[in-house]
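Student: I'd like to go through the aromatic rings and the overall fold here. Can we take it step by step?

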Amino acid sequence: MATTLKPGKKQPPESAPELTPEHAYEGDYPPTEKKPALFHPHAADPHIRLEPLQLDFLFRLADALNTTLDLNTLMHRVADLVRAVIDFRIFAILLINDRTHELWMRFQTGHSPEVERTRVRLGRGIVGQAAVQRHSILVPDVTLVENYIPANPLVRSELAVPLIVKNKVIGVLDIESEEVGYFTVEHQRLLELTASRMAIAVENARLYTRVSRQAQTLTVLQEISRDITSILDPDDLLERIGSLMKRVIDFHMFTILLWNPRTEQYEHRFSTRYGERVTRQRTILPGEGIIGTAALERTPILSPDVRKDPRYRNENPETRSELAAPLLYKGNVIGVIDLEHTRVNYYNEDHQRTLTTLAAQVAISIANARLYQRLAEEEHRMERDLDMAREVQLRLLPSAPPRPAHAEIAASFQPARSIGGDLYDFLDYGPATSLDADSQSLANPILLPADAPAPMRTTLAIGDVSGKAAPAALYAALVSGILRSLTPQRLLPSALLKALNDALQERKLDSQYVTMLIALWNDADRTLRVANAGSVQPLHVTRGNSATDALEIRTICAEGFPLGLFPGATYDELTIQTQPGDLLVFFSDGIVDATNGHGEMFSSERLATLLAHHPTAHQSAQQAVDAILEAVHTFRAGTEHFDDETIVVLKVT
């Protein structure tokens with residue numbers, strides 16, 4: 001069991017044969033003798049043996065150093081081991097700050113808090129000299145040393161040993177006593193042994209701590225990256241960045257500035273001071289101050305002491321260290337992120353690397369948030385425009401269907417989007433007239449008794465423009481305008497389609513066309529003249545002549561080329577004689593092409609079956625429209641519209 005070395009009392013050495021240095025290093029000794037004790041290879045006299053006490057101490061020291069990588073635990077264990085063999089009251093382990101080249105206390109016992117916070121320059125005091133001279137210094141009486149730092153006026157003797165690893169001094173072990181000549185050469189050698197092994201352990205612990213911190217930082221950066229990429233509101237994003245930044249780098253002042261291309265300046269967008277958000281109106285030009293310089297040079301800038309940095313702009317008088325990094329996105333500096341602290345030399349290269357890594361993700365998140373904001377503003381503007389366009393489109397449609405004496409007319413328009421490309425219209429051709437067989441327009445009115453209501457002629461127009469949404473709606477408005485402009489000519493259906501086609505040829509748009517059906521209702525004789533330009537063929541629902549008086553569904557087979565595709569196109573026309581109770585159903589392809597969740601279409605067959613068997617569809621024009629819309633809606637079962645749906649029904653009375 002090892003006993004404590006008391007000052008001034010040396011332990012008697014064991015009897016052992018005298019060995020040369022070669023024996024000490026190579027392990028050679030006389031074969032007739034017992035194996036000698038180990039030697040301290042770095043001692044001034046290599047013939048001095050390590051006593052059993054020292055050997056036991058080294059075993060325990062190796063065990064303490066090899067079983068932990070935590071720097072605090074390591075230093076506590078070393079202090080306890082040294083105390084077991086050297087009775088001390090004041091002990092310190094000082095490490096060198098590579099940036100400031102100063103010694104600072106990493107562990108201490110016996111010193112006051114003021115002394116613990118003291119930084120010692122290399123070469124100053126006994127510990128500073130030990131670091132510079134790279135060997136231990138034993139001072140029996142510190143009052144006789146001119147370079148002594150009187151941190152404790154009661155201290156009389158001191159022993160300082162440098163910590164050296166890979167030929168680099170990383171710190172100093174320092175022991176002080178209130179007795180003159182307290183420390184001996186044995187103490188010095190024992191502390192040198194401790195320092196030689198502790199230096200490696202300290203370096204390993206610092207490396208482990210650095211790697212662990214880097215791994216933790218990368219984990220936090222990943223969490224931050226995932227967090228900020230989910231925020232698309234620019235103001236919320238900047239505030240969140242400020243709160244998340246503190247998880248990896250501490251700061252007292254935090255600022256994000258963004259580039260304004262209009263003013264060509266960096267403007268404060270978010271700032272905090274001691275955790276409280278502050279508003280700043282100042283702007284910074286490229287190259288102005290530390291922030292502007294970081295932006296101009298496109299590289300992070302670390303200022304250990306802003307008081308000595310001519311680039312610093314004194315916005316916060318208490319600031320001592322500053323770290324600024326540019327926000328780069330697609331090769332452009334879109335802003336700068338800036339951190340300030342009240343301690344000198346607070347930020348280091350690790351902070352700079354972390355901020356640079358984080359700045360890259362912050363730049364992407366800010367760019368995405370600003371893009372999202374622009375898209376949201378553009379979408380909002382488009383919604384307003386679409387609302388206005390929908391209002392205009394609805395105004396272009398008839399406010400109410402006409403009311404002929406011998407017919408009922410009902411209509412419905414359901415756009416697939418806010419606006420659509422379908423259109424329908426009712427053109428008033430005035431009182432019923434006789435037809436000049438050689439003319440394409442209506443002639444003189446038919447003479448009726450004075451007390452009889454005047455029969456009317458009404459033209460029904462149903463169109464479907466190619467495409468959807470705004471382009472189709474604009475083209476539909478063009479077609480509707482041309483159609484209305486031709487109304488005074490009172491053209492027959494085939495002639496009206498030809499005139500529309502010629503007018504659209506004069507205003508031809510590539511890949512744009514419209515299918516249209518024109519039907520002229522003569523209320524005097526209950527006839528319908530029909531011409532078709534590529535539209536869906538309408539249905540004629542009438543009572544059959546069979547004994548069951550069942551409804552018959554006939555397709556009105558009128559065909560023709562769509563309008564706007566072929567110049568000089570002509571159109572056929574047919575006349576249908578109707579009777580009271582008949583239904584004439586006109587519809588766009590959005591009705592029969594409506595699709596359910598299984599990919600099935602509503603189809604003309606389902607529409608015909610509905611019209612033949614629905615209990616109320618044939619009772620009025622409006623009930624027919626309602627029945628068709630309800631059936632299509634039920635068939636889709638929540639499937640989204642993909643095309644506009646237009647229905648016009650004429651019931652003969």
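Tutor: Sure. For what follows, a contact means heavy atoms within 4.5 Å. Keep in mind that this is a predicted model.

Student: Among contacts between residues at least 6 apart in sequence, what share joins residues at least 24 apart?

Tutor: The chain holds 14 helices and 25 strands. Take the contacts between residues at least 6 apart in sequence, then pick out those joining residues at least 24 apart: the share is 64%.

Student: Are the rings of F91 and F107 stacked or edge-to-face?

Tutor: The whole structure has ten aromatic pairs. In the pair of F91 and F107, the centres are 6.3 Å apart and the planes are at 65 degrees. Planes over 60 degrees apart count as edge-to-face, so this pair is edge-to-face.

Student: Which strands does that pair link?

Tutor: F91 and F107 are both buried, and ring pairs join them with F88 in a cluster. The two residues are 16 apart along the chain, with F91 in strand β1 and F107 in strand β2. The strands asked for are β1 (residues 90–97) and β2 (residues 102–109).

Student: How do the planes of W259 and Y266 class that pair?

Tutor: The ring centres of W259 and Y266 are 4.8 Å apart, with the planes at 55 degrees. Stacked needs under 30 degrees and edge-to-face over 60, so the pair is tilted.

Student: Is Y266 buried or exposed?

Tutor: W259 is partly exposed, at 23% relative accessible area. Buried means under 20%. Y266 has a relative accessible area of 4%, so Y266 is buried.

How values were computed: Residues are numbered from 1 along each chain as its sequence is written. This is a predicted model: local features need pLDDT of at least 70, side-chain atom pairs count only at pLDDT 80 or more; totals for chains, interfaces and linings use all residues. Side-chain values use heavy atoms; hydrogens and water are left out. Rings of Phe, Tyr and Trp (its six-membered ring) pair if their centres lie within 6.5 Å; planes under 30 degrees apart count as stacked, over 60 as edge-to-face and the rest as tilted. Helices (H or I, at least four residues) and strands (E, at least two) are DSSP runs, numbered from the N terminus. Buried means under 20% relative accessible area, exposed over 50%, partly exposed in between (1.4 Å probe, protein chains only).
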